[in-house]
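Me: I have a structure here that is new to me. Can you go through it with me?

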Amino acid sequence: KKHKVLQRGRTQGGWRIARYPPAPEMALRAFKQPAARLTGTALALFRNCCRNVPTVLTLFDVDMSVREARGKVKDMFRQNAHIEDPRTAAILVHKGKAELQEAMLQYKTKAQIMYLLEPRDLTEKQNSSLDADEAEFFRGS
């Protein structure tokens with residue numbers, strides 16, 4: 001069934017009738033995207049990241065083996081493996097592509113790359129000032 005909606009036309013001050021489906025049908029269409037396609041894009045991003053790890057390590061002079069860095073990349077992808085919503089997965093893939101592109105174009109600094117690759121533990125001074133509950137929270141336990 002066609003639904004009529006008034007929409008501003010190209011004529012001066014005129015209105016024309018446009019045909020749009022109602023909002024609920026449009027919302028349902030977004031959920032009907034196949035998840036396999038997004039999984040394929042995530043897999044392609046993972047392969048592209050692993051393929052570019054040696055270049056990034058060389059560009060930023062990171063003292064880490066390629067195997068260790070690829071393991072860190074794999075861990076980053078596994079942190080988001082539980083995501084099932086296709087739109088959320090698409091956003092994460094887009095953000096991952098942007099991060100990789102910025103690293104390859106050297107828009108990032110070495111500190112930003114190291115923040116992704118190195119574990120972020122608290123220093124001894126920071127640990128000594130925390131009580132037991134806070135220390136457990138920051139350890140991720």
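Me: Is Asp61 buried or exposed?

Reply: Asp61 is exposed, with a relative accessible area of 59%. Exposed means over 50% relative accessible area, buried under 20%, and partly exposed in between, with a 1.4 Å probe and protein chains only. This is a predicted model, where local features need pLDDT of at least 70, side-chain atom pairs count only at pLDDT 80 or more, and totals for chains, interfaces and linings use all residues. Residues are numbered from 1 along each chain as its sequence is written, and side-chain values use heavy atoms, with hydrogens and water left out.

Me: Where does Asp61 sit?

Reply: In the loop between H2 and H3. Helices are DSSP runs of H or I with at least four residues, strands are runs of E with at least two, and both are numbered from the N terminus. Asp61 also has a positive phi of about 50 degrees, although it is not a glycine.

Me: What sign does phi mostly have?

Reply: Most residues other than glycine have a negative phi. Gln106 has a positive phi too, of about 60 degrees, and is not a glycine. Gln106 lies in the loop between helix H4 (86-104) and helix H5 (110-117). Its relative accessible area is 45%, so Gln106 counts as partly exposed.

Me: Back to Asp61. Which residues gather with it in a patch?

Reply: Asp63, Glu68 and Glu118 join Asp61 in a patch of negative charge on the surface. A patch takes residues with over 30% relative accessible area and no salt bridge; like charges are joined within 9 Å, and nonpolar side chains (Val, Leu, Ile, Met, Phe, Trp, Tyr) within 5 Å. Asp and Glu count as negative, Lys and Arg as positive, and His and the chain ends are not counted.

Me: And where is Asp63?

Reply: Asp63 is in the loop between helix H2 (35-59) and helix H3 (66-79). Asp63 counts as exposed because its relative accessibility is 78%.

Me: New topic. How many salt bridges are there in the whole structure?

Reply: A search finds 2. The rule asks for a side-chain nitrogen of Lys or Arg within 4 Å of a carboxyl oxygen of Asp or Glu.

Me: Which side chain meets Glu99 in a salt bridge?

Reply: Lys108, at 3.0 Å from N to O. Lys108 forms a salt bridge with Glu102 as well, with the closest N and O atoms 3.6 Å apart. Glu99, Glu102 and Lys108 are therefore linked in a network of salt bridges.

Me: Is Lys108 buried or exposed?

Reply: Buried, with a relative accessible area of 13%. Glu99 is partly exposed at 36%, and Glu102 is partly exposed at 31%.

Me: What about disulfides, how many?

Reply: The count comes to 0 disulfides, where a disulfide is a pair of cysteine sulfur atoms within 2.5 Å.

Me: Why is Cys49 not bonded to Cys50?

Reply: Because the sulfur of Cys49 is 6.9 Å from that of Cys50, its closest cysteine sulfur, which is too far for a bond. Cys49 counts as buried at 13% relative accessibility, and Cys50 counts as buried at 14%.

Me: Last one: how many helices and strands does the chain have?

Reply: The chain has 7 helices and 2 strands. Along the sequence they follow the pattern β-β-α-α-α-α-α-α-α. Buried residues make up 18% of the 141 residues in the chain.

Conventions. Areas by Shrake-Rupley, 256 points an atom, 1.4 Å probe, with all protein chains shown as cover. Charge placed at Lys NZ, Arg CZ, Asp CG, Glu CD.
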